[in-house]
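Visitor: I'd like a close look at one part of this protein: the inside, and what packs against what there. Please take it slowly and tie it back to the rest of the chain as you go.

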Amino acid sequence: NGLYQYAAQLSQNKTADDLAFKRNEREFFNYQLTEQENGHFGTTTVRNFLYHNFSLLFYEVLSNSKDETLSALATKSLKEVKYHLRHSRNWLIRLGDGTQESNTKAQDALNFLWQFTGEFFEMDEIDNELLSAGIAVNNTSLKSGWDNIVNKTLKKANLSRPEDGYMATGGK
């Protein structure tokens, strides 16, 4: 992965494989949504749609980073991210607008997984420092674009958007 190779260059004392495979459990950071079990196809589809939507917006903004390497990696990633979002969006619409059973399973998955989406838009001290330097993405600013894509897709899929209530955090 290009990001691991770039991180290895910056660390100067670790390889990309060290960073990817030789970390202890406390050195892994990710969104809790990505840790949720696949369950049935509806769960996997909803999870992928929510995450791919965020990823698209994130990489679009990161492609404008002052860090030329990050910008290039983000630009290169956009084609694949767009494909994944299109795929998961189309499947979500099929499931939501399909049979009563597929709609119910997709809605139940959406209701459960929604609590993990607030974490996408959080920022910590390191994020803010990198943002100030023009390197990183202001995740908070991605929320309205994410909401727009989600709302349009859910409407087309005949699914109801859950309320933004309790949001799990801490997996990042």
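Guide: Let's fix one term before anything else: two residues are in contact when they have heavy atoms within 4.5 Å of each other. Keep in mind, too, that this is a predicted model.

With that in hand, go to Trp-146. Skipping its neighbours within four places in sequence, Trp-146 contacts Leu-50, Asn-53, Phe-54, Leu-57, Trp-114, Thr-117, Phe-120 and Phe-121. Trp-146 belongs to the largest nonpolar core, a set of 36 residues, and together with Leu-50 it touches the most other members. Those two are also partners of each other, since Leu-50 is on the contact list of Trp-146.

Where does this core draw its residues from? Helix 3 (41-62), helix 4 (68-96), helix 5 (100-113) and helix 7 (143-156) are the elements that give two or more residues each. Helix 4 supplies the largest share, with nine residues.

It helps to set that against the whole chain. There are seven helices and zero strands, so to speak an α-α-α-α-α-α-α run from one end to the other. The radius of gyration is 17 Å, close to the 16 Å from the globule rule for 172 residues, so the protein is as compact as a globular protein of that length. Along the principal axes, the C-alpha atoms fill a box of roughly 55 × 30 × 30 Å. Of the 172 residues, 39% count as buried. Take the contacts between residues at least 6 apart in sequence: 69% of them join residues at least 24 apart.

Leu-113 is a good example of that kind of pairing. You'll find Leu-113 in helix 5, and it counts as buried because its relative accessible area is 0%, under the 20% cut-off. Its C-alpha atom is 6.9 Å from that of Leu-33, although the two are 80 residues apart along the chain. Not counting residues up to four places away in sequence, Leu-113 touches Leu-33, Gln-36, Thr-43, Val-46, Arg-47 and Leu-50. Notice Leu-50 again: it is a partner of Leu-113 and of Trp-146.

Stay in helix 5 and move to Asn-103. Asn-103 is a polar residue that is nonetheless buried, with a relative accessible area of 15%. Beyond its neighbours within four places, Asn-103 contacts Leu-95, Gly-96, Ala-157, Asn-158 and Leu-159. Helix 4 ends at 96, so to place the partners: Gly-96 sits at the end of that range, while Asn-158 is in the segment after helix 7.

Asn-158 deserves a stop of its own. Its phi is positive, about 60 degrees, although Asn-158 is not a glycine. With a relative accessible area of 47%, Asn-158 is partly exposed, whereas its partner Asn-103 is buried. Gln-12 has a positive phi as well, near 65 degrees, and is likewise a residue other than glycine. Gln-12 sits in the loop between helix 1 (2-11) and helix 2 (16-21), and at 71% relative accessible area it is exposed.

Now step outward along the helices that feed the core. Helix 7 also carries Lys-152, which counts as exposed at 56% relative accessibility. The C-alpha atoms of Lys-152 and Arg-94 are 14 Å apart, with their positions 58 residues apart in the chain. In helix 4 you can pick out Ser-77, partly exposed at 25%. Ser-77 lies 9.3 Å from Glu-60, C-alpha to C-alpha, and the pair is 17 residues apart in sequence. Over in helix 1 there is Ala-7, partly exposed with a relative accessible area of 30%; its C-alpha atom is 8.0 Å from that of Leu-19, twelve residues away along the chain.

Last, the outside as a whole. The accessible surface comes to about 10,400 Å², and 50% of it belongs to carbon and sulfur atoms. As for charge, there are 19 positive and 22 negative side chains, and the centres of the two sets lie 9 Å apart. If you want one place to start turning the model, put Leu-50 and Trp-146 in the middle of your view, as they touch the most other members of the core.

Technical notes: Residues are numbered from 1 along each chain as its sequence is written. This is a predicted model: local features need pLDDT of at least 70, side-chain atom pairs count only at pLDDT 80 or more; totals for chains, interfaces and linings use all residues. Side-chain values use heavy atoms; hydrogens and water are left out. Helices (H or I, at least four residues) and strands (E, at least two) are DSSP runs, numbered from the N terminus. The radius of gyration is taken over C-alpha atoms; the globule rule is 2.2 Å times the number of residues to the power 0.38. Buried means under 20% relative accessible area, exposed over 50%, partly exposed in between (1.4 Å probe, protein chains only). Accessible areas come from the Shrake-Rupley method with a 1.4 Å probe; for residues, only the protein chains shown count as cover. Lys and Arg count as positive and Asp and Glu as negative; His and the chain ends are not counted. The place of a charge is taken as NZ of Lys, CZ of Arg, CG of Asp or CD of Glu. A nonpolar core is a set of buried Ala, Val, Leu, Ile, Met, Phe, Trp, Tyr and Cys residues joined through side-chain atoms within 4.5 Å.
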